[in-house]
Amino acid sequence: MKKCIFLDRDGNINIEKDYLHKVEEFEFIDGAREAIKIFNDLGYLVVVVTNQSGVARGYYDENSVKGLHDYLKKEVEKIGGHIDGFYYCPHHPEKGVGKYKLDCNCRKPQPGMFLEAQKDLNIDFLSSIMVGDKISDVEAGKSLGMRSILVRTGHGLEEEKKLKNNYEVYDTLYEFSKQLARDLKLENKNVWVKD
């Protein structure tokens, strides 16, 4: 089984914008692409898991989500990194329209997207990590036995104030990636870390 870094998308990889679905409005948070490459170099799969209630609300369609993910994947590949999978939830239990109005098992903090990724990619949750800017992200990871990280980008600063449990918190995805690399370097002298 493989270890994986699960990443929330909006507010973690890219700057938080309400119902982002246009490539021309996508902006990486500083260091996010580099963080993904660091995770790759450390031997982790990288999987994006994102709630996309804008689909449920009728603001944009699933093709828009897939198009944005294709763009994100190509931009990461430009610096030698890669993303192994994208999973999204297009549902909302109250605000959804038509078939998307659903109290599903895939909307975080529910485990559906993670379980699908585990089946597709042979992931070991106990050696994996979830990183996001909302409590629902860290709760989703914790419920599956993963180390869970909250970042202060996106909604993270406000969400941190609501934390009841003792979660790990970092300023950005990049700051966490550097710390993870340092930690693994201490365990494995073959891991190269640029300070």
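# Exercises on salt bridges, cores and rings

**Exercise 1.** Lys 37 forms a salt bridge with Asp 41, and their closest N and O atoms are 3.0 Å apart; work out how the two residues are placed in helix α1 and whether Asp 41 is buried or exposed.

*Solution.* The model is a predicted one, in which local features need pLDDT of at least 70 and side-chain atom pairs count only at pLDDT 80 or more, while totals for chains, interfaces and linings use all residues. Residues are numbered from 1 along each chain as its sequence is written, and side-chain values use heavy atoms, with hydrogens and water left out.

Step 1: apply the criterion, by which a salt bridge is a side-chain nitrogen of Lys or Arg within 4 Å of a carboxyl oxygen of Asp or Glu; the 3.0 Å between Lys 37 and Asp 41 fits it.

Step 2: locate the pair in α1 (helices, H or I with at least four residues, and strands, E with at least two, are DSSP runs numbered from the N terminus). Because Lys 37 and Asp 41 are 4 residues apart in this helix, about one helical turn separates them.

Step 3: compare accessibility (buried is under 20% relative accessible area, exposed over 50%, partly exposed in between, with a 1.4 Å probe and protein chains only). Lys 37, at 24%, is partly exposed, whereas Asp 41, at 54%, is exposed.

**Exercise 2.** Determine which residue forms a salt bridge with Arg 152 at 2.9 Å, and which does so at 2.7 Å.

*Solution.* Step 1: at 2.9 Å between the closest N and O atoms, the partner of Arg 152 is Glu 160. Arg 152 has a relative accessible area of 27% and is partly exposed, and Glu 160, at 26%, is also partly exposed.

Step 2: at 2.7 Å, N to O, the side chain that meets Arg 152 is that of Asp 171. This pair links distant parts of the chain, 19 residues apart, with Asp 171 in the loop between β6 (168–170) and α7 and Arg 152 in the loop between β5 and α6 (156–162). Asp 171 is partly exposed at 43%.

Step 3: place these bridges in the whole structure, which holds 13 salt bridges.

**Exercise 3.** Find how many residues the largest nonpolar core has, and which residues Leu 180 touches.

*Solution.* Step 1: a nonpolar core is a set of buried Ala, Val, Leu, Ile, Met, Phe, Trp, Tyr and Cys residues joined through side-chain atoms within 4.5 Å. The largest one has 29 residues, and those with the most contacts inside it are Leu 7, Ile 13, Phe 39, Val 131 and Leu 180.

Step 2: at least two residues of this core come from each of β1 (4–7), α1 (32–41), β2 (45–51), α3 (62–77), β4 (129–132), β5 (147–151) and α7 (173–187).

Step 3: leaving aside residues up to four places away in sequence, Leu 180 touches Ile 5, Phe 39, Leu 42, Tyr 44, Ile 129 and Arg 147, where contact means heavy atoms within 4.5 Å.

Step 4: a second, separate core of 19 residues includes Leu 45, Phe 114, Ile 123 and Leu 144.

**Exercise 4.** Decide which kind of aromatic pair the rings of Phe 26 and Phe 28 form, and which charged residue lies over the face of Phe 28.

*Solution.* Step 1: rings of Phe, Tyr and Trp (its six-membered ring) pair if their centres lie within 6.5 Å, and planes under 30 degrees apart count as stacked, over 60 as edge-to-face and the rest as tilted. The whole structure contains 7 aromatic pairs. With centres 4.9 Å apart and planes at 80°, Phe 26 and Phe 28 are therefore edge-to-face; both residues are buried.

Step 2: a charge sits over a ring if NZ of Lys or CZ of Arg is within 6 Å of the ring centre and within 35 degrees of the ring normal. Arg 33 lies over the face of Phe 28 at 5.4 Å from the ring centre, and Lys 3 lies over that of Tyr 44 at 4.3 Å.

**Exercise 5.** State which residues of β1 are buried on its two sides, and which residue of β2 stands opposite Cys 4.

*Solution.* Step 1: in a regular strand the side chains alternate between the two faces of the sheet. In β1, Cys 4 and Phe 6 on one side and Ile 5 and Leu 7 on the other are all buried, and both faces are covered.

Step 2: β1 and β2 pair in the parallel sense over 4 bridges, pairing being called when DSSP finds at least two bridges between two strands. Opposite Cys 4 stands Leu 45.
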